[in-house]
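Colleague: I'd like to learn how to read the contact between two copies of a chain. Could you walk me through an example?

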4 protein chains.
Amino acid sequence: VGYGTRLAITFAMDAERLGADGLLLMPPYLTEGSQAGLQAHIAAVCNATRLGVIVYNRANCRLSAATLAALADQCPNLIGFKDGVGDIEQLTAIRARLGDRLLYLNGMPTAETYAPAFRNIGIPVYSSAIFNFVPGTALAFHRAVNAGDTATVDRLMRDFLVPYVQIRNRQPGYAVSIVKAGVRIVGRSAGHVRPPLSDLTPSEYDELAALIGRLGPQD
Amino acid sequence: VGYGTRLAITFAMDAERLGADGLLLMPPYLTEGSQAGLQAHIAAVCNATRLGVIVYNRANCRLSAATLAALADQCPNLIGFKDGVGDIEQLTAIRARLGDRLLYLNGMPTAETYAPAFRNIGIPVYSSAIFNFVPGTALAFHRAVNAGDTATVDRLMRDFLVPYVQIRNRQPGYAVSIVKAGVRIVGRSAGHVRPPLSDLTPSEYDELAALIGRLGPQD
Amino acid sequence: VGYGTRLAITFAMDAERLGADGLLLMPPYLTEGSQAGLQAHIAAVCNATRLGVIVYNRANCRLSAATLAALADQCPNLIGFKDGVGDIEQLTAIRARLGDRLLYLNGMPTAETYAPAFRNIGIPVYSSAIFNFVPGTALAFHRAVNAGDTATVDRLMRDFLVPYVQIRNRQPGYAVSIVKAGVRIVGRSAGHVRPPLSDLTPSEYDELAALIGRLGPQD
Amino acid sequence: VGYGTRLAITFAMDAERLGADGLLLMPPYLTEGSQAGLQAHIAAVCNATRLGVIVYNRANCRLSAATLAALADQCPNLIGFKDGVGDIEQLTAIRARLGDRLLYLNGMPTAETYAPAFRNIGIPVYSSAIFNFVPGTALAFHRAVNAGDTATVDRLMRDFLVPYVQIRNRQPGYAVSIVKAGVRIVGRSAGHVRPPLSDLTPSEYDELAALIGRLGPQD
């Protein structure tokens, strides 16, 4: 759920009524807010539902350890913190302050790139976007990170993830576009991205297809 | 109108049906977009209405001169560009490329601070937030900028605008909060800000009241 | 003069002994400093010389209005402030606080781009880098800005300055490289830039030559 | 060694003559440079000495994986890469490209904060600034990181490193000032910082003393 406080509350109540298991709270629309204001916004949404809420630290919603600690006291159903910023110092401060009170999720674009670093600061869980089109590689990478198999991690970084991220970084918003392109490349229908995103160019699409091709069979 | 393309189009059509004179197009929700994607988003909204559209250059919607030129060709009803970023070099490039094809608006928070600079690069129009609570000062400033009366401009900057902006800069989102506080100070009802904004603290409120008090009567 | 405090003082004393008319104080080497620390650094240099000192606001030496006001009280020979940052709000705060106590200089890369905006906030003086290779255009632009001849300002922005800045922005450090290239293009010897700068590529050099060619004779 | 290319070469040759074991190459003075220009600068210094050179990735000297790979080919005595930026994605790209060709060093301010994350992306080595005044804690932390003893790592982060960094972040340049303060607190002479740095305020000094006091005996 997202947008302004009132809309986010409406969505949260709808989601609860329709049987959702939990909520991911996205940043408010456009407006920058103070820590006190962000806290009030998040508390209002949490208080409007009995579902567990995971707050997404990202864009105009960056939470300090102090704000998050106050929220954790105030809202028993605030259960998780998903990070899309990647500031190691800030994450360490948050983990030191809140410990096991929250669930931590690596929510970086191409979470794999950050997975080894995040794992060693107590944030081992991530959702894999590349799993949508190279599930075998995604699983192999996940297993390697968990097992501390750095040879495999390094190899998959070098052969796939680093050049993949290099394509992704060419345009703002490509973090989504490149996943859709990957899904199309492996033969499933994904449609096109919607504005303000734009699709990969044909030559970028071909680069990605070559990268995927080199990985070999995925099952 | 704002949010995603589909919602912005719905709002635009509603606004037209209800007799609006024109539209201010705010950035899309959350997502970063490429220049091509932002162009597609803005063109889609413009094409859905016969109203004139002013695009707000701000946050995740920063337009290059080339994108804006393409949009101006593509959308006859794109009539204006409102700037909330304040990058003189970029504005100069846009003015050089688009000349009189668009209307330019100074949409900076506390537009007065940027009014003299913007005026001399061909962007004389701004909407005054402080007019809501110190209309006399706002008008005097506006007249002084237009008349090139730098003594008055300098005096009002020193006595009011610079210390006002200093309070405003203490928290993200205070650009709105401080206006509401000003309106309350002069005895009109303004209510409180909504999250993720937060109200000025009582001592900041008093500082602002003292600043306003020193300006004297406003009519 | 620049580098650390001790070296800057040595240079300042040498310069005075050798008959310099004044000093431009560049930022300290590498280290970020607090406002109090930057103030101590600048005061130490000013106190070591009887020459007038102009401080360059740039990179790791960004001064607040309060710091600058304290320095102006403390150091009678601090005579000027040269800005290389371009933050209109900050410059307005500095001008409002220090008024005519200091001389203000537009020290932006390609100062012409900022000249109209800076002129209208009380900073009319700039040093022209393009004067080194298109002196006629540089003088015509300067005259037009001073005379408020916006038609000429707009034309020279469109025909030369904006596309010039577009080339300049392609690499960090090109603000210097492009001037050396311009000087070579008009047939004077300028040599190559020294690392960490790099010269324009041949095709960028040709682009610049074409821009200069279109301006016509310069005397 | 640091400053411009010529000065850095002079220093490098002096250092070699005087028996240094290796060199740490700091960023050039002030100037932003292109990747090609930074490469030329670093290569020139490496070529002027037989000593091993470690390049410090920091401030105006941020190297891409491609630049670093070219340098590694060109300069056999470029032996190390010290990072002061902390961009996990960039470090992963560099490690993927250069593998064991270089030695990697965690050169972040308060390197301990980044030690767990860096360790898991193949950068286990760091130099500890806090070792200067809390050697027992520094060693205990180092052992805990290496042993994967996350309970101890978390405890020392919570009890010392996170609140320490919170003081350090209050002013630019405090990364050095706080170390000098720590050394004075434990009774050794450290003198004051030089401008543009400034010393901790008395109350910050007391906060730090309290933090250190709570750690207990250090030997």
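Colleague: What is the area buried between chain A and chain B, and what percentage of that area do carbon and sulfur atoms give?

Modeller: Happy to help, and do keep in mind that this is a predicted model. In general, the size of an interface is often given as the accessible area lost when the parts come together. Here, chain A and chain B bury about 2300 Å² between them, and carbon and sulfur atoms give 68% of that. Three residues, A:Y29, A:L30 and A:P196, supply 30% of the area that chain A buries against chain B, more than any other three.

Colleague: How are the two copies related?

Modeller: The general idea is that a rotation about an axis and a shift along it relate two copies of a chain. In this model, a turn of 180° with a shift of 0.0 Å along the axis lays chain A on chain B, at an RMSD of 0.0 Å. The copies are thus related as by a two-fold rotation axis. In chain A, the C-alpha of A:Y29 is the nearest to that axis, at 2.9 Å.

Colleague: Which surface do the copies meet through?

Modeller: They meet through the same surface, because 100% of the interface residues of chain A are also interface residues in chain B.

Colleague: How many residue pairs are in polar contact across the interface, and how many salt bridges are there?

Modeller: The rule finds ten residue pairs in polar contact, while the count of salt bridges is zero. On the side of chain A that touches chain B, α1 (5–17) and α2 (35–47) each supply at least two residues. α2(A) gives the most, with five residues. By class, that side of chain A has 14 nonpolar, ten polar and four charged residues.

Conventions. Residues numbered from 1 in each chain as written. Chains lettered and ligands numbered in written order. Predicted model: local features only at pLDDT ≥ 70, side-chain atom pairs only at ≥ 80, totals over all residues. Heavy atoms only, no water. Least-squares fit on C-alpha atoms with pLDDT ≥ 70 in both. Contact = heavy atoms within 4.5 Å. Buried area = accessible area lost by both parts, 1.4 Å probe. Salt bridge = Lys/Arg side-chain N within 4 Å of Asp/Glu carboxyl O. Polar contact = N/O pair within 3.5 Å; in protein donor to acceptor, adjacent residues only side chain to side chain. Helix = DSSP H or I, 4+ residues; strand = E, 2+ residues; numbered from the N terminus. Nonpolar A, V, L, I, M, F, W, Y, C, P; charged D, E, K, R; others polar.
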